[in-house]
Number of protein chains: 2
Amino acid sequence: MSQPDGTRIVLASRPEGRPDPGNFRLERAPIPTISDGQVLLKTLYLSLDPYMRGRMSAAKSYAAPVEIGQVMEGGTVAEVIESRDPAFRAGDIVLSYSGWQSHAAVAAKGLRKLDPKAAPVTTALGVLGMPGFTAYAGLLAIGQPKPGETVVVAAASGPVGSAVGQIARLKGARAVGIAGGPEKCAFVRETFGFDAVIDHRDPDMASQLAAACPDGIDVYFENVGGHVWDAVFPLLNTFARIPVCGLVAQYNATGDFPGPDRLPLLMRQVLSRSLTIRGFIQREFVPTQGKAFQDEMTRWVADGTVKYKEDIVEGLEKAPEALIGLLEGKNFGKLIVKL
Amino acid sequence: MSQPDGTRIVLASRPEGRPDPGNFRLERAPIPTISDGQVLLKTLYLSLDPYMRGRMSAAKSYAAPVEIGQVMEGGTVAEVIESRDPAFRAGDIVLSYSGWQSHAAVAAKGLRKLDPKAAPVTTALGVLGMPGFTAYAGLLAIGQPKPGETVVVAAASGPVGSAVGQIARLKGARAVGIAGGPEKCAFVRETFGFDAVIDHRDPDMASQLAAACPDGIDVYFENVGGHVWDAVFPLLNTFARIPVCGLVAQYNATGDFPGPDRLPLLMRQVLSRSLTIRGFIQREFVPTQGKAFQDEMTRWVADGTVKYKEDIVEGLEKAPEALIGLLEGKNFGKLIVKL
């Protein structure tokens, strides 16, 4: 007996620069059968994240690219609808990495069971998931903010930036956010409680940032790249730390960048101000910081100490447009597709 | 009764780009008198180091510039010829920072007495002094080489580079040096015992470096900047560490650097390879590494485990030309002026 079909989105072609909807293809696909040790998942929520742009390109990065015709990768919250593993049963809600598809047969090993009573399950994709952990580990392990220091983060209304600023404040530092547009800026100040917020669309951004950081910048959490860097750079204090977890502003760039060459000036300041620039992928810190994050962040979210914002789009077919918008800062909070 | 005059070299004007002899002025000067707590020093040896180029410019750096008309700064080995401090007496040999002059009245506090029997006193300006400590602290505290890893350092025949490579090998890593010209390269391989050496004047340097680093580069100790970086950059491994202690190749640069802009590519690789770039000035590590350095390096030098090379120029009046040459890589070993 053939089961009803599922749906999935595959990479149809590699983008040159900005992706467009034609780089993706929505397909019908049979619902897979499972073997021993596997579970059949029905996707409830799909996470959309900036790193996905990297997976669409063939260029070498920290992870292998998605191949043409393959299902786009992505974190998901899913319901177990059939299990051939004793650790799971139908009805369980799990965190998976099953990608842009309605159904998936996956190994039970590596799935994390979620407790819908402990926190809304979507938080496993955001504040209590990879973006929240990126913020927590990068800020605490690399940024190491001290009481009274100034921490600056861009995309401050997003899932990483909003957590960075709130954790910085919990550690006694000042948090200065950068966000796009008055609505996001107001939210960052009022709901996330940052000490100051700058609108990066304001042509006067650099001088506003300088005014908001009268004692300079001790930690710049780099998750965007682009023109924000030029405003931050002159304000960095001696011994400033710069965790680098994302460069969304340049993910769509192609070819050479026009001069002048900013590298010699960067290196000069690295030397004369004893700067630390440190790129990282959150999984590096799972062994050392994973448990502390789960304990501390779950408590902070549960008691309302740390706030979060989700931007939920309905329907798998909306995922391509939503991801394209994310790369241009059109989302407002953690972008999630509800299937 | 007036004493015979001493000599000194002052900064006559600030260089634009490459310094020339006219930026310095040799003056006669009366030998100073001392007050309580001071000693009168007669300079025996003056250290010449790349950082001095920075002190000649008015641009903000990690230390204040030398003012026009002031004596050029620099580390010295000097003899106490008169003392008004109980801790020193005439005939003592000390490490000082008394600058480009034959005599100086300085506070006794802060001077370090040298034992000419323990090691040649000039080593206090090189392998057992600031350059040696720069190598030791930067390599061990930031570079953290592990057995089997590959450490690359430029200016490998100089006092910092030669120590970096030798310490790297003592820690079980492979040392690959970069130096200018066949004579220096041979010395780096044969006397300093590096595993491989590349001549940076060879147009084929990049492919030679790649061949010498079949497992990539885990630590690049950056003490020169310039075109060496472009050869190193593609070879950096995931989690590579880049201590930055000097950029002599760009100290004479003026104005903007022509494009393309290499900063976006740098940041992309910082992210995708989880690189650490960390500028430092050695004094940061004195509290944590100073004693270990004195103990370990003194032993290594005394028993011949660590070799060093000095390039000694005679006469204070030769100091300007010697410093100008140093900035162009003309020295061969630790550059010292013998007065």
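Trainee: Which residues have the most contacts inside the largest nonpolar core?
Mentor: This is a predicted model. Its largest nonpolar core has 204 residues. In soluble globular proteins, nonpolar side chains tend to be buried together. Those with the most contacts inside this core are A:Val164, A:Val232 and B:Val164.

Trainee: What does A:Val232 touch, not counting residues up to four places away in sequence?
Mentor: Contact here means C-beta atoms within 7 Å. With residues up to four places away left out, A:Val232 touches A:Val152, A:Leu209, A:Ile217 and A:Tyr220.

Trainee: Within what arc do the buried residues of α7(A) fall, seen down its axis?
Mentor: Helix α7 of chain A spans residues 263-272. Its buried residues are A:Leu263, A:Pro264, A:Met267, A:Arg268, A:Val270 and A:Leu271. They line one face of the helix, because they fall within an arc of 160°.

Trainee: What covers the buried residues of α7(A)?
Mentor: Both chains supply part of the cover. From chain B it includes β12 (236-244), α7 (263-272) and β13 (276-279). From chain A it includes β13 (276-279).

Trainee: Which residue with positive phi follows α7(A)?
Mentor: Look just past the helix. The phi there is near 50°. The residue is A:Ser274.

Trainee: How many residues of domain 1 of chain A are in contact with domain 2 of chain A?
Mentor: Domain 1 covers 6-122 + 308-338, and domain 2 covers 130-283. Their centres, taken over C-alpha atoms, are 28 Å apart. On the domain 2 side, 14 residues take part; on the domain 1 side, 15.

Trainee: How do the residues on that side of domain 1 divide?
Mentor: Sort the domain 1 residues that touch domain 2 in chain A by type. They split into five nonpolar, five polar and five charged.

Note on methods
Residues are numbered from 1 along each chain as its sequence is written. Chains are lettered from A and ligands numbered from 1 in the order in which they are written. This is a predicted model: local features need pLDDT of at least 70, side-chain atom pairs count only at pLDDT 80 or more; totals for chains, interfaces and linings use all residues. A nonpolar core is a set of buried Ala, Val, Leu, Ile, Met, Phe, Trp, Tyr and Cys residues joined through C-beta atoms within 7 Å. A residue is buried if 20 or more other C-beta atoms lie within 10 Å of its own, exposed if 12 or fewer, and partly exposed in between; C-beta atoms are placed from the backbone. Two residues are in contact if their C-beta atoms, placed from the backbone, lie within 7 Å. Helices (H or I, at least four residues) and strands (E, at least two) are DSSP runs, numbered from the N terminus. The arc is that of the directions from the helix axis to the C-beta atoms. Domain bounds come from an automatic or database domain assignment. Ala, Val, Leu, Ile, Met, Phe, Trp, Tyr, Cys and Pro count as nonpolar, Asp, Glu, Lys and Arg as charged, and the others, Gly among them, as polar.
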